[in-house]
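Me: I have a model open and want the terms checked against the values. Please go through it one label at a time.

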Amino acid sequence: MTRIWVIGANGLLGQSVSAALSPDKRWDAPERIHWNDERQAVDQLRSTIKRFFNEVGSGSWNIFWCAGRGTVSGDTAEMERERGYLKVLLQEINGQPLTTQERGTFVFSSSAGAVYGGGDGGPYSELSTVNPFGPYGEHKVKCEEIIQKFSGTSPCRVAICRISNLYGPNQDLSKGQGLISTLTVAMLKHKPAPIYVPLETVRNFIYADDASRIMVELSKAISVRESGTFIVKNVCAPHDLSIAMIVHEFTRVFGRRPPMVGRSPKVHAFSPRSLGVRSVVEQQIDEVPATNLAIGISAIRRRVLLKL
């Protein structure tokens, strides 16, 4: 029996990953971790990990790290705390018997935009040189380095998923991020949405359910490979889109052009014009058709209407 724990199960990605798992395999933590209180969070994390492995017993296990509230304009202290929590988790895994570790798989959600965004244009694949964009990009690269170091000492299988721009109906609107969610709210409230980059800017947008399916299938694929397997995969949509193309799709779905206002905050001053993403690793997992953008926009629209 495989037990699967999704850390960050209440977030946009975590909810989709949880929904993609078999209910009989999914393990729900007995208490919600208070991430904002560092001392309490560490104690809760350690006790929860111990309880998880007690329930795993002699079976196999998967852990998906989907946690984190860091953003491009986020607080560096918060990012440092997140790295500390990640280290605690990996230390606890490393403290398990080797026979337990080698029956497990750890999947970490990273950010393609953050780790490639400091470059001079895409598209970027797993073969591209990492070039972080700003403090958030540096944070994600440091997380990946922590995980890669851990992988060199543990026989468990490890996957780092560099996810492109994630969107979906469970986006936390209070974080003030997510172009597609922001435009949807603007359309429904008839208020202009701030646009921080030119309409010619190119990005890759992937629907949360599509990203979670790729992550879950990747975990299944590597779980049967030799112990110590380490893999990095870009999790992205088949096609990149310009902001102008997204605006056009909103016009088609809503029947009118979204209200927008241009802004140029310091954090976006050096944002690359093109940040396309590709995957050349485990491409067979990407063969299932992706969610159409219009369908994704409509799903977000229905969810936002319920909250208004």
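Reply: In helix 9, I243, I246, V247, E249, F250 and F254 are buried, where buried means under 20% relative accessible area, exposed over 50% and partly exposed in between (1.4 Å probe, protein chains only). Helices (H or I, at least four residues) and strands (E, at least two) are DSSP runs, numbered from the N terminus. This is a predicted model, in which local features need pLDDT of at least 70, side-chain atom pairs count only at pLDDT 80 or more, and totals for chains, interfaces and linings use all residues. Residues are numbered from 1 along each chain as its sequence is written, and side-chain values use heavy atoms, with hydrogens and water left out.

Me: What makes the buried residues of helix 9 line one face?

Reply: Seen down the axis, they fall within an arc of 160 degrees, so they line one face of the helix; the arc is that of the directions from the helix axis to the C-beta atoms. The face turned away from the buried side carries the exposed residues H248 and R252.

Me: How do you know that the span of helix 9 agrees with the expected one?

Reply: The expected span is 1.5 Å times one less than the number of residues. For the twelve residues 243–254 that should be 16 Å, and the end C-alpha atoms are 16 Å apart, which agrees.

Me: Why is strand 10 called largely enclosed?

Reply: Five of its six residues (230–235) are buried, so strand 10 is largely enclosed by the rest of the structure.

Me: What makes strand 5 and strand 10 a pair?

Reply: Two strands pair if DSSP finds at least two bridges between them. Strand 5 (residues 157–163) and strand 10 have six, in the parallel sense.
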